[in-house]
Amino acid sequence: MNAEGRSRLDQLPEWQALAAHRKELGDAHLRELFASDPGRGRRLTLQVGDLHLDYSKHLVTDETLRLLRELARATEVAELRDAMFRGKKINTTEDRAALHIALRAPRSAVITVDGKDVVQDVHAVLAKMAVFTDRIRSGDWTGHTGKRIKNIVNIGIGGSDLGPAMAFEALRSYTDRSLTFRFVSNVDGADLHEAVRDLDPAETLFIVASKTFTTIETITNATSARDWLLTGLGAGPEAVAKHFVALSTNAEKVSAFGIDTANMFEFWDWVGGRYSYASAIGLSLMIAIGPDHFREMLAGFHLIDEHFTSAPPEENAPLLMGLLGIWYGNFHDAQSHAVLPYSHYLSQFTAYLQQLDMESNGKSVDRQGEPVSWQTGPVVWGTPGTNGQHAYYQLLHQGTKLIPADLIGFARPVEDLEPGLVPQHDLLMANLFAQGQALAFGKTPEEVAAEGVPPELVAHKTFRGNHPTTTILASELTPSVLGQLVALYEHKVFVQGAVWNIDSFDQWGVELGKVLAKRVEPALTEGATVEGLDPSTEQLVATYRALRGR
Ligand code: F6P
């Protein structure tokens, strides 16, 4: 029992029932599960909005799924979900609501935080973003010298970079190709240098994206960008107004940096950084794809929000995906989860999910501050499918680790690739289906031997199979489908955090490194003596200074 009278997760009878069930199932193979239940390939699927989910290739029976839903019931996932959607401050360590769902709520919705309806504020900012977007796209907004803006550089990091950068890539074929977009995040000066070296400052707009407007990487890059701009233009600070806008919750810091707050697009402390790209943080994306496509994307998010709150547990896709992750992480000792999109446009999707999932659920104390005695968030990793096949899939197929994976693909290519040419898209998707099959069913020694393989090679060419996958299919990667996919993963992460009884909306773990970096910097630059450096770091700093000739 904890202070709130809630039993510890691993003491719950529902948890123990799952542990017993896991023992009973033993190493039951997907080959057997399909043989005894041939209908599961059709039955264990869900259609949600435009997303078709096949979860038949999971190491589960109907009983497993029932027990997992019982666990969700016992851990009050639905109650916490409803509290989140009502605007309750479920991020208790920061005393904040987690209301990203309000960012994609229709204008008619009413969602209140501290007695204030936030939906109207959301729509006011969206309208302001749309006006600005139209001014850039039409050429009405010009730079300091009167030249049209042709280049947009988003400067941000974490949630203020990964979301817009991922979505820009995903929706590239919807973008205005006459504009150039760059995303700068790394405090390594090389990032900014490479982003701007071929740009004309007179045609360049910088979007400084930072919720807090204190993040050292972003402020450093923005300061360097301002120097680059003013030097390039040979102008004074008055040129900044036409070339810098800010996306932030912190008007004071924006103003202190020298950006007119009239050119600031606001969002609010109830939007977590990693949940923010549907807010003003998406301005670069809106400029790229236009306000209508941006709204379509928001509608896609909202469709899944509605599904998550209204679908019964048996048909609730985020609930199901969250619970399957718990089944593997907590009852099969899986340490990681692979997300493998069979779409080049989703090349940044897994990187985006890494922050979403690992910053949310990389926690080791529960909501009451007690150490957890169960595994929490997995390591999330992956790259577009066929590239991975020639890199790390060997380990997926024949390594010693259990790595559940999501395979994501689309029936139609986004770009209208000319008919009559090589059917590349069918080949791409054939790979997705083949991998799902090979991972699940493998190849037995008997099958290998029957192919005439010499006996000494049979073991090497055998595929054990039994590697679980979820396949997610949609007809095409549209703005709405992207919104649906992202919301699906957001709520999956939420479900897992709710079951594990952790605060999925704080990120204290990134603080220590930030504090230490600030402390170490003077030792590198000025050779200052820094209190509290451990002997190894002290030695490394001395070596660094010697190598730099200081
Ligand atoms: O990594 C910590 C973090 O606070 C993220 O949660 C956030 O997305 C990122 O830094 C950037 O923060 P900001 O938008 O305030 O610059």
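This briefing describes a sheet, a buried strand, a helix and the internal spaces of one structure. The model is a predicted one. Its features include an open sheet of five strands, a strand, β12, whose six residues are all buried, a largest pocket of about 1300 Å³ and four cavities of 30 Å³ or more.

**The five-stranded sheet**

- The strands of this open sheet follow the order β6-β5-β7-β8-β9, and their pairing is parallel.
- Because β6 (180-184) and β9 (264-266) stand at the edges and each has a single partner strand, one side of each is left without a neighbour in the sheet.
- From one strand to the next, the twist averages 20°.
- Strand β5 (residues 151-155) runs parallel to β6 and is joined to it by five bridges, and within this pairing Asn154 has Phe183 of β6 as its bridge partner.
- Helix α6 (residues 118-138) packs on the sheet, where it touches β5, β7 (204-209), β8 (244-248) and β9, and its direction makes about 145° with that of β9.
- Helix α8 (residues 189-196), for its part, lies across β6 and β7 and runs at about 175° to β6.

**Strand β12 and its partners**

- Six of the six residues of strand β12 (residues 405-410) are buried, and the strand is therefore largely enclosed by the rest of the structure.
- Burial applies to both faces of β12, with Ala405, Leu407 and Gly409 covered on one side and Asp406, Ile408 and Phe410 covered on the other.
- Strand β10 (residues 336-341) runs parallel to β12 and is joined to it by four bridges, with Val339 standing opposite Asp406 of β12.
- Strand β13 (residues 469-474) also runs parallel to β12, through six bridges, and Thr469 in β13 is the bridge partner of Ala405.

**Helix α5**

- Helix α5 (residues 77-86) has Val77, Arg81, Ala83, Met84 and Phe85 as its buried residues, and these pack against four helices, namely α4 (62-74), α13 (291-310), α14 (317-331) and α21 (479-500).
- Gly87, which comes just after α5, takes a positive phi of about 90°.

**The largest pocket**

- The largest pocket, with a volume of about 1300 Å³, is lined by 44 residues, of which Thr215, Glu217, Val510, Glu511 and Lys514 are the closest to its centre.
- The elements that give two or more residues to this lining are α9 (216-233), α15 (349-361) and α22 (511-525), and the largest share, nine residues, comes from α22.
- Sorted by class, the lining of the largest pocket has 16 nonpolar, 15 polar and 13 charged residues.

**The cavities**

- Among the four cavities of 30 Å³ or more in the structure, the largest holds about 60 Å³ of space.
- The residues that line the largest cavity are His58, Met321, Leu324, Gly325, Tyr328, His337, Asp406, Thr470 and Lys492, and helix α14 provides the largest share of this lining, four residues.
- By class, the lining of the largest cavity has three nonpolar, four polar and two charged residues.
- Asp406 links two of these topics, since this residue of β12 is buried and also belongs to the lining of the largest cavity.
- Helix α14 likewise appears twice, as a packing partner for the buried residues of α5 and as the source of four residues in the lining of the largest cavity.

Technical notes. Residues numbered from 1 in each chain as written. Predicted model: local features only at pLDDT ≥ 70, side-chain atom pairs only at ≥ 80, totals over all residues. Heavy atoms only, no water. Pairing = 2+ DSSP bridges. Axes fitted to C-alpha atoms, helices over the stretch in contact; angles between N-to-C directions. Contact = heavy atoms within 4.5 Å. 1 Å grid on protein atoms, 1.4 Å probe; cavity = no way out; pocket = protein on both sides within 12 Å on 5 of 7 lines; lining within 4 Å. Points joined across faces, edges and corners; volume = space filled by probe spheres on them. Nonpolar A, V, L, I, M, F, W, Y, C, P; charged D, E, K, R; others polar. Buried < 20%, exposed > 50% of the residue type's maximum accessible area, 1.4 Å probe, protein only.
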